[in-house]
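User: I'd like a close look at one part of this model, and I'd rather have a connected walk-through than a list. Here it is.

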Amino acid sequence: MPFRLRTAVGGATLATAAVLLCPAAAAARPAAAPAPPTWSSAPAPGAGAAPGAPDRPFFYLEGAPGTVLADRLSLSNPTGRALTVRLRGSGAGAGGWISLASKEMRIPPHTRAGVPFTVTVPRDAAPGGRSGTLLATGLGKGAGRRTVPLHLRVTGPVLSALTVEKVSVRRAGGAAVIRYTLVNRGTTVLRPRIAVRADGLLGPLLRRAARTRPPVLAPGRAVDLTETWSAPPALDAVEVRLTATAAGGAHDDATASYTAAPWGVLAAPPLLLAAGVGGLVMLRSRRRGSGPGGSRAEGAAPGPDGGTRPSGDEPADTAPVLAGTGPGARA
């Protein structure tokens, strides 16, 4: 058989074998099992349509401080067994403002259930964006967890305002403690920066660059803070100034006076004054006890002629004798 003929016959044989073997191989390979249906959670759509990610992939709500916003979460159970789901709001932002109509829901097989919920915006909430999550946790083995994001925008005017109040300086051992209060008077969340300076009679004593304290200060909130001055002067009259700044143009400053002096220096003037007053009182009391002609003998009483006469317990022979001066008088 010529070479070309043998090649053609061999190719036809291989092609025939491949056709015959492929259906057998396909039949031998097991078919992939379809994925079992699973439950889901999503924002409930309007007009009774079936929920889905393309319709509403997350919740978006908008309102002013003090308002209550309402929406509905949709839970679908396409499986052939009942499912119990536990629900709650999550997240440090708007998650704490979520209140669900039911914290636990039992969904029958092949059923979709809607769960109403509200978001209460606090009256002191600052304008701006917030985020949270609606968390649905299936109870039972293999039930799993589903999350739906929630985005909230709080409407209202944006105002940055900050005040420094109640500034005082007190000695504490070898250091001094500066106490003050920061108050957020605006409508936005602030991250205040505080600078400290102190000036004495002869010039600057302390320069502390601005630093963030506290990390976050919510609208309408006040916080008491302290600054430690490790090496204040021992003798000086000092003015301490605190300057607070924050984003959006918030700015304020306040001062407090502080007199530094050793204890002995502060105690000496009062002691000297007390000693002088005491000496003056004693001198006056002595002057009142003595008359213009000196002190009178104790126990003596004035006589008829203005002199003195002995008291009753003195001897009789010691009393003075009054001699007459008339013509019949004896020597």
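Which residues of the largest nonpolar core touch the most other members? Please start there and work outwards.

Analyst: Keep in mind that this is a predicted model. The residues you want are Leu75, Val119, Leu150 and Leu152, which touch the most other members of a core that holds 27 residues.

As for where that core draws its residues from, strands 2, 3 (68-77), 4, 5 (98-100), 6, 7 (111-120), 8 (128-139) and 9 (145-154) each give two or more. Strand 9 makes the largest contribution, with four residues.

Let's zoom in on Val119. Leaving aside residues up to four places away in sequence, Val119 touches Leu150 and Leu152, two of the residues picked out above. The other residues on the contact list of Val119 are Leu61, Thr67, Val68, Leu69, Trp97 and Ile98.

Now for the sheet. Five strands make up an open sheet with mixed pairing, and their order is 2-9-8-4-6. Strand 2 (59-63) and strand 6 (104-107) sit at the edges, each pairing on one side only. Going from one strand to the next, the twist averages 25°. At the strand 6 end, strand 4 (residues 83-90) runs antiparallel to strand 6, and four bridges join the two. If you want a spot to click on, take Arg86, whose bridge partner in strand 6 is Glu104.

That isn't the whole story on cores, though. There is a second, separate one of 26 residues, and Leu162, Ile178, Leu242 and Tyr258 are among them.

Away from the cores, have a look at Ala218. You'll find Ala218 in the loop between strand 13 (203-212) and strand 14 (222-229). Ala218 has a relative accessible area of 27%, so it counts as partly exposed; buried would need a value under 20%. Along the chain, Ala218 and Ala125 are 93 residues apart, yet 8.3 Å separates their C-alpha atoms.

Zooming back out, the chain has 18 strands and two helices. Its 331 residues include 29% that count as buried. If you take the contacts between residues at least 6 apart in sequence, 64% of them join residues at least 24 apart. As for the surface, the chain exposes about 21300 Å², with 59% of that supplied by carbon and sulfur atoms.

How values were computed:
Residues are numbered from 1 along each chain as its sequence is written. This is a predicted model: local features need pLDDT of at least 70, side-chain atom pairs count only at pLDDT 80 or more; totals for chains, interfaces and linings use all residues. Side-chain values use heavy atoms; hydrogens and water are left out. Buried means under 20% relative accessible area, exposed over 50%, partly exposed in between (1.4 Å probe, protein chains only). Contact means heavy atoms within 4.5 Å. Accessible areas come from the Shrake-Rupley method with a 1.4 Å probe; for residues, only the protein chains shown count as cover. Two strands pair if DSSP finds at least two bridges between them. Axes are lines fitted to C-alpha atoms, for helices over the stretch in contact, and angles run from 0 to 180 degrees between N-to-C directions. A nonpolar core is a set of buried Ala, Val, Leu, Ile, Met, Phe, Trp, Tyr and Cys residues joined through side-chain atoms within 4.5 Å.
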